[in-house]
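Please open the model in your viewer, with a cartoon display and the option to show side chains on request. The stops below say what to select at each point and what is to be found there.

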Amino acid sequence: MTPGGGGPMKDCEYSQISTHSSSPMESPHKKKKIAARRKWEVFPGRNKFFCNGRIMMARQTGVFYLTLVLILVTSGLFFAFDCPYLAMKITPAIPVVGGILFFFVMGTLLRTSFSDPGVLPRATPDEAADLERQIDIANGASSGGYRPPPRTREVIINGQTVKLKYCFTCKIFRPPRASHCSLCDNCVERFDHHCPWVGNCVGKRNYRFFYMFILSLSFLTVFIFAFVITHVILRSQQTGFLNALKDSPASVLEAVVCFFSVWSIVGLSGFHTYLISSNQTTNEDIKGSWSNKRGKENYNPYSYGNIITNCCAALCGPISPSLIDRRGFIQSDTPQPAAPTNGITMYGATQSQSNMCDQDQCIQSTKFVLQAAATPLLQSEPSLTSEELPLPGKTTLGAPCATLSLGQPTPPSSMPNLTSETILTDMIPLKEELDSHQFLTPEEAPSPPGMLSTGSPITHSHTLHVLSLASQDSLHEDSVRGLVKLSSV
């Protein structure tokens, strides 16, 4: 733009700024969605998780895969080589019963192996520190040398005193019947034992499925072994014993596997039947914690005194929910707002939009606007002379528009460019309007070095009044205070 009667005038370039408005229509912040992590991903115990935390197992699962292979291979050979002959010679119900037992065994095995046995969550740092303070208070100050505080507590259950031991790994006092598994590195509620054959601990939440697994596996092993022998005997009656073995070699392999397995499986089933009937765990029975006789001092406080009631409590009671919430999200990881990417926030926001931002942000935004609007005027007038003042017939300035210094806030490009004419006409009010305000005239206020002197031949016309720099600063400060108060209201 080339103003008439003057030299070329440079357009003022303003950098784009953002007031960090929280308005949903204007905010340049974009929520950077961080992939939320689940609790099983940072689980402190030595466990393996599958299917996004739905399956929980111990890390040592080699023996578990051996169990699967033995069951699948033995049952598969039985259904493939023995069941057709037995269904034809004896009854078709044999493969049906065998199939029902097989699916029941596999279901209970997988349910035992893939579930949470009753792991107790570890104490948080705040909980551990609070527990340490409680231990120190309970122990009291010792006058002599250092004495470690006691790490046990006592509770009374059905008239029997039970000690609660402190776990230094989980930083908790273990509840009654709980124990820390050294293989899984977890405290398990109503801990029975760690079974490598199922690849998991056996505790409160999966004990019933473990018992049904070994009991049904006992029936399946006896079932397969009995009918394999029946198959060999029927064939030997027709073609001889050796020829029967040659005609069905798979039956020999099945009989060998079942013969060496049936004793341990049936014996284990009987042992756990005894434990259930007396309401004990394997851990308690091995340690000899309780006596089966109620008259003795160390009687079992958990027994109901009735075999049927004990069995119903162990096998038919409700299953408690998991305490570790392994598929829950970690609360500390929340989406963080990303840095603004060249966003332009409009100053001409409505009152409803400005109300959505915080009070401090609105005040700061107002200060930025006033500073940006006042800076070009104050920096473009340090050397005004009488020849450069806009007279009634001269409307432009020959000096170029001053550029803004680095780091100062400037208005966005959406605002109209400020020219010298508009600045001076805005900042030089009419005399009638100034009469109500008490501003200093150039003659009354001392001029700073480099500015107009009081003896300048500039005359005051009825239309324009030139304000001194001190008056402009006073007007600027009053405007800032007024707008800040309005924004705070």
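## A tour of the predicted model

The protein has 13 helices and eleven strands, and it should be kept in mind throughout that the model is a predicted one. Of its 489 residues, 36% are buried, while the accessible surface amounts to about 28800 Å², with 61% of that area belonging to carbon and sulfur atoms. If you count the contacts between residues at least 6 apart in sequence, 68% of them join residues at least 24 apart.

**The largest nonpolar core.** Begin by selecting Ile71, Phe78, Leu109 and Phe213, which touch the most other members among the 33 residues of the largest nonpolar core. Then colour strand E3 (55-58) together with helices H1 (62-89), H2 (93-113), H4 (207-239) and H6 (249-278), since each of these elements supplies at least two residues of this core. The largest share, ten residues, comes from H4.

Next, centre the view on Leu109 and display what surrounds it: with neighbours within four places in sequence left aside, Leu109 is in contact with Phe64, Thr67, Leu68, Ile71, Val198 and Phe213. Apart from this core lies another one, of eight residues, including Cys170, Ile172, Ala178 and Cys187.

**Ser179.** Move on to strand E7 (residues 179-181), where Ser179 is found. Is Ser179 buried or exposed? Its relative accessibility is 13%, so Ser179 counts as buried, the limit being under 20%. With neighbours within four places in sequence set aside, the residues in contact with Ser179 are Arg174, Asn186, Cys187, Val188, Phe191 and Asn283.

**The open sheet.** Now select strands E4, E5 and E6, which form an open sheet in the order E4-E5-E6 with antiparallel pairing. Strands E4 (152-157) and E6 (172-173) stand at the edges and have a single partner strand each, so that one side of each is left without a neighbour in the sheet. Strand E5 (residues 160-167) is joined to E6 by two bridges, and if you show the residues there, you will find Cys167 standing opposite Ile172 of E6.

**The E2-E3 hairpin.** Return towards the start of the chain and select E2 and E3, which pair in the antiparallel sense over four bridges and form a hairpin with four residues between them. In the turn, Cys51 has a positive phi of about 55°. Strand E2 (residues 47-50) has two faces to compare: Asn47 and Phe49 lie on the covered one, whereas Lys48 and Phe50 lie on the uncovered one. From Phe49, step across to its bridge partner in E3, Met56.

**A nonpolar patch on the surface.** Switch to a surface display and select Val252, Val256, Phe259, Phe260 and Trp263, which make a nonpolar patch of about 550 Å². Trp263 is found in helix H6, an element that also supplies at least two residues of the largest core. The relative accessible area of Trp263 is 60%, and because the limit for exposed is over 50%, this residue is classed as exposed. In soluble globular proteins, by contrast, nonpolar side chains tend to be buried together.

**Ile307.** For the last stop, select helix H8 (residues 307-315), in which Ile307 is found. Ile307 is exposed, its relative accessible area being 54%. Draw a distance from its C-alpha to that of Ile276: the two residues are 31 apart in sequence and 8.1 Å apart in space.

Definitions and conventions
Residues numbered from 1 in each chain as written. Predicted model: local features only at pLDDT ≥ 70, side-chain atom pairs only at ≥ 80, totals over all residues. Heavy atoms only, no water. Core = buried A, V, L, I, M, F, W, Y, C linked by side-chain atoms within 4.5 Å. Buried < 20%, exposed > 50% of the residue type's maximum accessible area, 1.4 Å probe, protein only. Contact = heavy atoms within 4.5 Å. Patch = residues over 30% accessible without salt bridge, like charges linked within 9 Å, V, L, I, M, F, W, Y side chains within 5 Å. Areas by Shrake-Rupley, 256 points an atom, 1.4 Å probe, with all protein chains shown as cover. Salt bridge = Lys/Arg side-chain N within 4 Å of Asp/Glu carboxyl O. Pairing = 2+ DSSP bridges.
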